[in-house]
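Colleague: Could you walk me through this one, please? I would like to go over the contacts one by one.

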Protein chains: 2
Amino acid sequence: MAEWCNTEVVLSVVGGKWKLLIIRYLLLGTHRFGALRQAMPTVTQRMLTRQLRELEEDGLVSRKVYAEVPPKVEYTLTEVGESLRDIIGQLDTWGSWYRELRTPPARDDEQSTSDS
Amino acid sequence: MAEWCNTEVVLSVVGGKWKLLIIRYLLLGTHRFGALRQAMPTVTQRMLTRQLRELEEDGLVSRKVYAEVPPKVEYTLTEVGESLRDIIGQLDTWGSWYRELRTPPARDDEQSTSDS
DNA sequence: CAGTATCCCCCTTGATACTG
DNA sequence: CAGTATCAAGGGGGATACTG
């Protein structure tokens, strides 16, 4: 990516396939690795770990390991991560607006398709 | 990408390697293909064409072909594309803030390194 | 429970050459 | 000028198995 462009910096940091989902979930509060997995049922262990590590390197997420058996690891947004809250809110708003815009609108003379 | 998530929709539309640059340039006004190339010296013809086509399919950019020889094609943001202006502004602001944050700050007792 | 270690796929991007 | 066509490379992502 063209990271000399400020705009691209954001993508370079949240652009991974699962990162926005992770951040959105962590915006709700601290969570354990397993909780993240359950929140994103289709992500593999490997990918979740990788994406979390990258978010950590980029300073968006902090990782807290408890010296217990079995292991317990908690992930929390840093202040930098938290600072994305507003932007993510905007993305969400635009995204739903755009999705609706691009969804073929139901015509008036058309029955509801909610039963399909 | 997980496009069932509104947030991801934005990335799916703007996530191409050159798309944000293109949009930013078109936010300045309508431009010809050649002007876009010059504005982004490292993009190949092929990639510029492809990214523009995708933006067009996604309804962010409109393409106007003039029936002239030599050919003349102008690209303009649609209203949908324009609607990203604020968000891109936010990304830009966050990006420059983040970049500065992550740049090793010069220490007080340190000489300027601008001569290196 | 929360990871690594391997192996592999394919999709995006790129280089280069050609054309209406 | 504004594209296609073709071929090649790279890396992000995935499947599966193993471990402290």
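Modeller: Happy to! A residue is near a strand if one of its heavy atoms lies within 4 Å of it. Please keep in mind that this is a predicted model.

Colleague: With that cut-off, which residues come nearest to DNA strand D?

Modeller: There are 21 residues around DNA strand D. By class, this surface has eight nonpolar, six polar and seven charged residues. The nearest are Lys17(A), Gly34(B), Gln45(B), Arg63(B) and Tyr75(B).

Colleague: Which element gives the most to the surface near DNA strand D?

Modeller: Let's start with polar contacts to that strand: a phosphate oxygen is 2.6 Å from an N or O atom in the side chain of Tyr75(B). The elements that give two or more residues to the surface are helix 4 of chain A together with helix 3 (33-39), helix 4 and strand 3 (72-77) of chain B. With four residues, the top contributor is helix 4 of chain B.

Colleague: What kind of oxygen of DNA strand D lies 2.9 Å from a polar side-chain atom of Arg46(A)?

Modeller: Of the atoms of DNA strand D within 4 Å of the protein, 59% belong to sugar or phosphate and the rest to bases. Trp18(A) has a side-chain N or O atom 3.1 Å from a phosphate oxygen of the strand. For Arg46(A), the partner at 2.9 Å is a base oxygen.

Colleague: Now to the other strand. How far is Val73(A) from a phosphate oxygen of DNA strand C?

Modeller: Two side chains make good company here: Arg53(A) places a polar side-chain atom 3.0 Å from a phosphate oxygen of DNA strand C, and Trp18(B) also has a polar side-chain atom 3.0 Å from a phosphate oxygen of that strand. Val73(A) uses a polar backbone atom, and its distance to a phosphate oxygen is 3.5 Å.

Colleague: Which element supplies the largest share of the surface near DNA strand C?

Modeller: DNA strand C is surrounded by 21 residues, and Gln45(A), Arg63(A), Tyr75(A), Lys17(B) and Arg46(B) are the closest. They belong to a surface of eight nonpolar, six polar and seven charged residues. Its largest share, four residues, comes from helix 4 of chain A.

Colleague: What symmetry relates chain A to chain B?

Modeller: Chain A superposes on chain B with an RMSD of 0.0 Å, after a rotation of 180° and 0.0 Å of shift along the axis. That is the relation of a two-fold axis.

Colleague: Why do the copies meet through the same surface?

Modeller: It comes down to the overlap between the two interfaces. The copies share that surface because the interface residues of chain A are also interface residues in chain B, and the fraction is 100%.

Colleague: Inside chain A, at what angle do helix 2 and helix 4 cross?

Modeller: Helix 2 of chain A covers residues 19-26 and helix 4 of chain A covers residues 45-57; their axes come within 10 Å and cross at roughly 70°. That makes the two helices roughly perpendicular. Lys19(A), Ile22(A) and Ile23(A) on helix 2 make the contact with helix 4 residues including Leu48(A) and Leu55(A). The crossing angle, once more, is roughly 70°.

Colleague: Last one: which residues of helix 2 does helix 1 of chain A meet?

Modeller: Helix 1 (residues 6-14) of chain A packs on helix 2 of chain A at about 80°, with the axes 8 Å apart. These helices are therefore roughly perpendicular to each other. Ser12(A), Val13(A) and Val14(A) of helix 1 meet Lys19(A), Leu20(A) and Ile23(A).

Key:
Residues are numbered from 1 along each chain as its sequence is written. Chains are lettered from A and ligands numbered from 1 in the order in which they are written. Side-chain values use heavy atoms; hydrogens and water are left out. Axes are lines fitted to C-alpha atoms, for helices over the stretch in contact, and angles run from 0 to 180 degrees between N-to-C directions. Angles under 35 degrees count as roughly parallel, over 145 as roughly antiparallel, 65 to 115 as roughly perpendicular and the rest as oblique. Contact means heavy atoms within 4.5 Å. A polar contact is a pair of N or O atoms within 3.5 Å; within protein, one must be able to donate a hydrogen and the other to accept it, and residues adjacent in sequence count only if both atoms are side-chain atoms. Ala, Val, Leu, Ile, Met, Phe, Trp, Tyr, Cys and Pro count as nonpolar, Asp, Glu, Lys and Arg as charged, and the others, Gly among them, as polar. Copies are superposed by least squares on the C-alpha atoms of residues with pLDDT of at least 70 in both.
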